[in-house]
Amino acid sequence: MTEQQLIKRIAIFGSTGSIGTQCLDVIAANPDKFSAEILTAHKNEDLLIQQALRFNPNIIVIGDESKYQKVKQALANTDVKVFAGEAALDEVAAMDNYDMMIAAIVGYAGLKPTLKAIENGKPIGLANKETLVVAGDIVMQKAIEHRVPVIPVDSEHSAIFQCLVGEGRNKIEKIILTASGGPFLGRKPNYLVNVKREHALQHPNWAMGAKITIDSATLMNKGLEMIEAKWLFNLTPDQIQVVVHPQSIIHSMVQFEDGSIKAQMGLPDMKLPIQYAMAFPQRIANNFPRFDFKKINTLNFEEPDIKTFRNLALAIEALEKGGNLPCVLNAANEIVVYAFLKNRIGFLEMTDVIEKVMHKIPFVQQPTLDQYFMSDGEARAMTADIIGL
Ligand SMILES: NC(=O)C1=CN([C@@H]2O[C@H](COP(=O)(O)OP(=O)(O)OC[C@H]3O[C@@H](n4cnc5c(N)ncnc54)[C@H](OP(=O)(O)O)[C@@H]3O)[C@@H](O)[C@H]2O)C=CC1
Ligand SMILES: CC(=O)[C@@H](O)[C@H](O)COP(=O)(O)O
Ligand SMILES: [Mn+2]
């Protein structure tokens with residue numbers, strides 16, 4: 001954003017998703033502060049067209065090339081430029097016509113455009129945690145080289161970020177990531193063996209896309225978030241603790257060297273961390289519902305059951321060993337979640353398959369970006385093969 005420009009031009013990569021649509025809600029509520037400059041979708045061309053007609057962005061990208069003609073025709077009477085295909089995401093991320101990227105694509109597909117935006121010097125509002133799980137060392141190193149702020153959108157990491165504002169060089173003793181526990185909190189394997197996608201998609205506190213909702217049900221989401229936190233806040237694995245907090249009111253906490261703990265709280269509503277990342281370092285007044293201590297007067301905390309929810313144990317193993325193991329874990333997880341959503345694999349089988357893949361793909365201690373890409377491809381192929389996809 002130039003000094004004269006008051007409006008921050010936002011590029012939403014993944015505008016048709018849960019985060020993307022809420023980001024557009026924030027833009028719609030603050031037309032004096034933000035505009036939607038770039039919007040991208042993968043398959044949902046109808047919603048992308050609607051968004052383009054409403055927000056009049058400069059550029060849109062439809063990932064699925066077979067939908068290009070339909071989108072182009074629908075916007076024939078507008079000035080919106082339409083691009084299509086995976087490569088277009090990288091090309092558009094490398095353009096100069098926006099001030100901040102909101103990285104809201106789900107999964108590994110978000111990595112390359114986010115890297116392009118960083119190389120292009122654009123600040124990132126990062127929802128796509130998989131980007132840091134796959135190649136966190138390279139992504140954060142590039143962000144430092146290009147002096148690009150990576151501001152977390154993920155609610156827990158936004159909470160930690162907010163707790164750290166004003167702390168300067170004060171040392172973190174540990175962070176405490178809160179986990180809702182998902183829809184199966186307290187359940188044991190004899191119950192989980194039979195659960196189906198419809199039940200697993202019922203998150204108790206958050207309405208989110210399908211992939212992250214299944215990750216929350218298996219506790220893989222919290223494992224991915226531990227790895228995400230390591231890279232965002234430069235932490236060692238023993239500085240990252242997970243606590244189950246079923247109400248999702250405390251979004252996470254930081255404990256400092258003197259033992260003092262800071263928490264960030266609020267009702268579970270992703271518009272708040274999205275807006276915070278977009279407006280940082282300012283806070284913007286809004287009419288989002290407020291947390292009322294008189295209405296919810298009990299906040300509970302307990303240890304995560306990693307013997308039952310073994311995905312979290314696998315993610316901790318990947319966090320501790322590092323190298324390409326988090327990338328392999330992520331790739332295998334993306335495939336098993338896809339298979340579970342298609343009713344091709346059971347809830348507990350997901351963990352067994354991920355474990356096999358993690359222990360079969362050759363370990364690389366310090367991968368290059370190309371080696372991360374290769375590990376991702378090998379892990380996906382092996383996972384699909386084991387499942388029989
Ligand atoms: N939802 C939430 O509340 C939270 C989400 N996050 C993270 O944010 C990210 C987005 O999550 P969420 O919004 O729930 O996901 P959704 O599934 O709701 O949306 C995903 C978005 O990515 C697009 N997309 C999917 N696959 C591809 C692909 N291969 N190439 C390009 N674009 C693609 C989709 O396009 P289309 O719909 O057109 O196919 C859609 O716009 C995830 O990494 C998630 O972990 C983090 C914290 C909270
Ligand atoms: C909203 C958000 O950030 C999600 O990642 C959320 O935290 C999922 O909840 P749990 O993984 O704690 O169930
Ligand atoms: Mn989260």
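This passage walks through a parallel sheet, a helix lying across it, and a covered helix further along the chain, all in a predicted model.

A good place to start is the open sheet, which is built from seven strands arranged in the order β4-β3-β2-β1-β5-β6-β7, with parallel pairing. At its edges stand β4 (81-84) and β7, each of which pairs on one side only. From one strand to the next, the twist averages 25°. Strands of a sheet pair through backbone hydrogen bonds, either parallel or antiparallel. Within this sheet, strand β5 (residues 100-103) joins strand β6 (residues 124-126) in the parallel sense through three bridges, and A103 is found opposite L126 of β6.

Helix α4 (residues 86-93) lies across β1 (8-13), β2 (34-41), β3 (59-62), β4 and β5. Its direction makes an angle of about 155° with β3.

Further along the chain, the UniProt record (an unreviewed entry) annotates residues 150-233 as the domain "1-deoxy-D-xylulose 5-phosphate reductoisomerase C-terminal". This stretch is 49% helix and 13% strand, and its end C-alpha atoms lie 11 Å apart.

Helix α7 (residues 155-164) deserves a closer look. Nine of its ten residues are buried, leaving the helix mostly covered; the buried ones are S155, E156, H157, S158, A159, I160, F161, Q162 and C163. The partners against which these buried residues pack include the strands β7 (150-152), β8 (172-179), β10 (250-256) and β11 (261-265), as well as the helices α11 (220-233) and α12 (271-279). After α7 comes G166, with a positive phi near 90°.

Definitions and conventions
Residues numbered from 1 in each chain as written. Chains lettered and ligands numbered in written order. Predicted model: local features only at pLDDT ≥ 70, side-chain atom pairs only at ≥ 80, totals over all residues. Buried ≥ 20, exposed ≤ 12 C-beta atoms within 10 Å, placed from the backbone. Helix = DSSP H or I, 4+ residues; strand = E, 2+ residues; numbered from the N terminus. Contact = placed C-beta atoms within 7 Å. UniProt positions renumbered as here; feature names shortened; annotations may be inferred. Pairing = 2+ DSSP bridges. Axes fitted to C-alpha atoms, helices over the stretch in contact; angles between N-to-C directions.
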